[in-house]
Structures are given as C-alpha cells and as structure tokens.
Amino acid sequence: LTLTVQGPPDPPTIEAQLVEKTSSSFTLIWAPGFSGLSPITRYVVRSKKPSDADWKTYPSTTTTYIVTGLEPFAEYWFQVAAENAIGLGEYGNLFKDKTHPKALTVGPADLTYSDLTSESVNLRWKAVDSSQLSPEEGSVIYYEASLEVDGDVSYHAGSSANSMRVTLTDSGQYTARVFARNSGPRRSPPSNAVTFDADGKDSESFPLSLGAIIGIAVGGGVLLIIILIIISCCCCSCCRSAGKADFV
C-alpha cells in the first residue's frame, strides 16, 4: 500500500540576476519550487509600490511574466506563488527594485574645447540645471562625450563635473558632442557640436602657424647670407695680407 500526500506547491524564487526592466515595466523570471506531487497549473504574480495598501495580481502559465504600466523611476515589490489542483501555495521571495527613469529631456550646452594637442583635447560645457528635470527623470549621474572622425563614433564616459580631457587616437578632423546620463539606458539630447583637427591645430590657427614657419625660414636665410659675407670678407683680407708679405 502506497500513500501519496499531495499539497500546494512550494514558493517559487524570483531570479534577481535575470530580471530586466525599463521605465515602465519589469520582466520577471522565477524558478519553481516543489510541485506538491501535483502538477503546477499556473503561477500568480503580484506587485505593488511600497506605499500601496493592496497588491495587484497577474496570472501566468509560464515561469516568466512582464509587468507593464508602471511609473518611471518608482520602486515596486514583486512576489510569485504557484498553484496546483490542491490549491495556491505561499508567495516566494520578495523582489524590490526601481524602474528606470525617463530619458533626460535637457542636455548640456555651450560646449567648447581648449588645450588641443595631437593626442588629447579638453572639453568644457554648461552642466544641466537640475531644476529643469522632472522627478521621473531622476538626476544627472555623469556626462559622456562622443567623438566622430571619418564616420566612426566613439563614446567616452566618466565625468561627473562639467569638463573632461579626452584622448585622441586617430588623425583627421573630429566632431565632439556631450550628453548627460541618468541611471537609465538612454542619453540626453546632445550639446552643440565643436570641430577640431587631431594634429593639434584647428583650421583658424593653421595660417598663423604657416606664417610663423615662413618667417623662420626667411629669417634663417638672411642670417646665412650675412655669415657668408663675413666669411668672404675675412678670406679677402687674408689674401691681401699674404700678397703683401710675398711682395716684401
């Protein structure tokens, strides 16, 4: 005689490392628990904000569910329970996280560059005014520069201030812009663009540098002529002296 005792399923476990999120949704994935010796027929996902009194529930027949219609940059709590023919089991681990903020609607401005060399350049801009951002946009965490040369674009992140020094790895004409970033995946609108040459000279300064080179060359030529004249005079004087000595 075999006695089988059935019961509701054990609680599922939400796998935090597999959760994906946007500014308005969470994609939850969980691992089922013991079935209670009765096939699991469905799962029940529940969610709420910490300030909410009641949970919202969503049925699922698979081990994943996308909860949509959420507010940007808001904290939500999630739990999952499994159900079989015996009944609904207990809810599993409590998963807490914030949705992404909305993309920033205001970007940096007044981008300029300075201290240009063939290897790097300093970029400076006007930072985003936090009073212009909505609560759903969060705050600026850092700024990111984009450099475009010959159609290739590279991004350089890491500055939380309003300036950064960026390394130049190629020759040619660069176009630089700066973006603000919050904790979400998208960039702010770009700043104005600035353009410069990777050889350390922009197009306006090049004629001046060329003029200086020509001036140095001309000056050197004049100096060489003067030296040759002096040497020639010295040689003539020596020759006349030698001639007088032979005559005597």
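This is a short talk about one four-stranded sheet and a glutamate that sits in it.

Okay, quick one today. Bear in mind that we're looking at a predicted model.

Let's start with the sheet. It's an open one, four strands, and going across you read β12, β11, β14, β15, with antiparallel pairing. On the edges you've got β12, residues 152-159, and β15, residues 194-197, and each of those pairs on one side only. As for the twist, neighbouring strands are turned by 30° against each other on average, if you ignore direction. And as a general reminder, strands of a sheet pair through backbone hydrogen bonds, parallel or antiparallel.

Now go to β11 and β14. That's residues 142-149 running antiparallel to residues 173-181, and eight bridges join the two. If you want a landmark for the register, find Leu147: standing opposite, in β14, is Ala176.

So, on to the residue I wanted to show you, Glu144, which is in strand β11. Is Glu144 buried or exposed? Well, its relative accessibility is 7%, so Glu144 counts as buried, the cut-off being under 20%.

What does the Glu144 side chain make polar contacts with? Two arginine side chains. There's a contact of 3.1 Å to Arg181, and another of 2.5 Å to Arg187.

Both arginines also turn up among the residues that Glu144 touches, leaving out anything up to four places away in sequence. That list also has Tyr155, His156 and Ala157, then Met164, and then Arg177, Val178 and Phe179.

So the picture to take away is a buried glutamate on β11, with polar contacts to Arg181 and Arg187.

Methods. Residues are numbered from 1 along each chain as its sequence is written. This is a predicted model: local features need pLDDT of at least 70, side-chain atom pairs count only at pLDDT 80 or more; totals for chains, interfaces and linings use all residues. Side-chain values use heavy atoms; hydrogens and water are left out. Two strands pair if DSSP finds at least two bridges between them. Axes are lines fitted to C-alpha atoms, for helices over the stretch in contact, and angles run from 0 to 180 degrees between N-to-C directions. Buried means under 20% relative accessible area, exposed over 50%, partly exposed in between (1.4 Å probe, protein chains only). A polar contact is a pair of N or O atoms within 3.5 Å; within protein, one must be able to donate a hydrogen and the other to accept it, and residues adjacent in sequence count only if both atoms are side-chain atoms. Contact means heavy atoms within 4.5 Å.
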